[in-house]
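This report looks at how two chains meet, at one helix pair, and at the surroundings of a single residue. The sequence and the structure come first.

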Amino acid sequence: MEPLLAGLGAFLQPPVLISTLIGVVAGIIVGLIPGFTITMGVILVLPFTFGMTPLQGIATMMGVAVGGASGGLISACLIGIPGTPSAVATTFDGFPMARNGEPGRALGLGTWASLFGGIIGWVVLAAATPPLAEFGLKFGPWELFSLVAFSITMIASLAGESLTKGLIAGLLGILLATIGSDPVLNISRFSFGNEDVESGFDFLPVLIGLFAFSQLMTDLERREGEAPRVAIRLADIRIPHLQVLRDIWNSKVVLLWSSIVGAWIGVVPAAGGSIANVLAYDQAKKVSRHRSKFGTGHYEGIIASEAGNNSVSAGDLVPMLALGIPGDAVTAVMLGALLIHGVQPGPQLMSDPRTSQLAWGVIAGYLVATILTLVIQFWGMRLFARLVFVPYHVLVPGILVLSALGALVLNNRVFDVFVLLGFGVLGYLMVKHQFPLASFVLGFLLGPLAEINLRRALQTDPSVLEFVLRPISGVLLLLAALSVAYYFWVGYRRVRAPRVEPAVG
Amino acid sequence: MSDRLIALVLVAVCGFIYWQSYAIRKPSFAAFEGFDAGTFPRAIVVVLAIFCLVLLVRGTGALVPRRPTQDDLRRWAARYRLPLISLPLFAAYAAAMGAIGWFADTAAYLIAMQLVLQPRGGGRLAIVVAGSLAFTWALGLGFEGLLHIVLPKPGLF
């Protein structure tokens, strides 16, 4: 309890609190604009955090993540288009409820459910992170290498439709991370004499290119050139708080179960909010007594989706803080930000006295950010709702300039803007051909970690068998192999399943 | 582009990187190490090539795509018109930054992009120009004045 209070004390310092507040506002805005993702928002605020302390920087990005997870519900309810992929299931009941003349109730339910889901997720975060980090301290180079292998196979099997494509994306990420200097002997690799390439590709321009740039190109292709049509009169938005809280009290089982499902999905590397909200919605349907009402504007549907997608962002932080493995793309950016700030994420983060306050500050700050989101969202609901209708031809150029600026200011060299462009094109092509970007990013981020630990392990003991014989490493490799085997088994069963011929006549 | 064609391209890339990995310098002080700077990329390339071959065998689509008709090309151009214009515009923006400086380059890029993206009859040029200049000025001032980050100055003049 003491470290948590110390972390809370560090987080409640005015500069950190103000940064979180700005992050939450930015997150809500990014979350509510259809086509923009939370990852994009976190990436775009990253350059603004360079001059901040590590805690202040992470607090800003966490604010974006928490605010964004909740902000997606505004467009989901008002125009029937989810602001982020993690609000897809909110449209199922949020939009019908708003169209039935209760937009305020839909928004209120979503916002309050976000708060309670976030709090339940936070309990999981605070309870699960310290023991997992302590367990992580037992890891040597063998275990760390196997953990990377496990994370990449997990993300490959969960993030996309094809495991083969997921693994190719992950391996391609690792391969591109080897360009530049060798992490052990500092020998130049694949730079072809180019001085800029010799220092390797920085994580930030790569991320901006992959997530922000490619997403904008995809949006342009979909010809979302105009603002969505107004489906609801903004003047009609009045939030009936008492009725909403009564609805939530009546759905406490749904709320609790959806939040637990969300937090659990967050803890599993790779499975993010886009999976959590749909799964939480599906689970809520199973435990609810009003199953048939789902999809018609039923309050439990909104509660389940929003509680699920908010608790997932707390769960995502667990593997990041405890093991240094990102739970999703957003935490991958945060991990990169910690590295830029000179903090090495990993199991030592919580035990090292120099960084433990930062780790506990992040845990305590998640709760603060969740509460701030509720306050800001209710306070500025009508203002935020107007932003849904800002035309794309104004937003897209601005975001592209911010992206370029983010890449530029990292090392103050134009080369990084070209790196952004190159990886943007690569990301766009990957999205077009269904190669999961999350696998690529995880590979790019964890590739050097895998190489360093593989070399350390082999220097200590040249026997490759050690990776299998050491219990934790062996179990992780076994889990990686099982996740691949399970994927192929499911594919095999699908092919073997008897086809049902459609009835004729 | 079909999955199988992508797999074939990736296999070729893997072959090139594998070959290049032997060109990586091996310093004498690291000679005792069995694991040199090229070993890890080589191992990754081999595993990657194996999965690419799996995709080549199991993937969908033809290796040689059919010849597109005039109609196909028209549809393709209509669908990708905006990304196809935006990509070279962004490349030009990045390339010109060192020469004309961040401020002029960004303002020009914002104006050009808005004119490309806005629907016909979407807005007045004066508003677009004023908005772009204001945004550029505010952003530049924020970074240079508040965050003390120096943005590229014109190199041509």
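Which residues does Leu82(B) touch, not counting residues up to four places away in sequence? In this predicted model, Leu82(B) touches Leu220(A) and Glu221(A) as well as Leu117(B). Leu82(B) has its place in helix α3 of chain B, which covers residues 70-100, and it counts as buried because it has 24 C-beta neighbours inside 10 Å, where the cut-off is 20 or more. Between Leu82(B) and Met113(B), 31 residues apart in sequence, the C-alpha to C-alpha distance is 9.8 Å.

The contact between the chains takes 42 residues from chain A and 51 residues from chain B. On the side of chain A that touches chain B, the elements that give two or more residues are α8 (163-177), α10 (203-221), α19 (392-411), α20 (415-432) and α21 (437-460), and α19(A) gives the most, with eleven residues. The classes of the residues on that side are as follows.

| Class, side of chain A that touches chain B | Residues |
|---|---|
| nonpolar | 27 residues |
| polar | eight residues |
| charged | seven residues |

Two of these elements, α10(A) and α21(A), also pack against each other, at an angle of about 175 degrees and with their axes 11 Å apart; they are therefore roughly antiparallel to each other, since angles over 145 degrees count as such. In this pair, Phe203(A), Val206(A), Leu207(A), Leu210(A) and Phe211(A) of α10(A) meet Leu437(A), Phe440(A), Val441(A), Phe444(A) and Leu445(A) of α21(A), and by class the contact has ten nonpolar residues, with no polar and no charged ones.

Methods. Residues numbered from 1 in each chain as written. Chains lettered and ligands numbered in written order. Predicted model: local features only at pLDDT ≥ 70, side-chain atom pairs only at ≥ 80, totals over all residues. Contact = placed C-beta atoms within 7 Å. Helix = DSSP H or I, 4+ residues; strand = E, 2+ residues; numbered from the N terminus. Nonpolar A, V, L, I, M, F, W, Y, C, P; charged D, E, K, R; others polar. Axes fitted to C-alpha atoms, helices over the stretch in contact; angles between N-to-C directions. Parallel < 35°, antiparallel > 145°, perpendicular 65-115°, else oblique. Buried ≥ 20, exposed ≤ 12 C-beta atoms within 10 Å, placed from the backbone.
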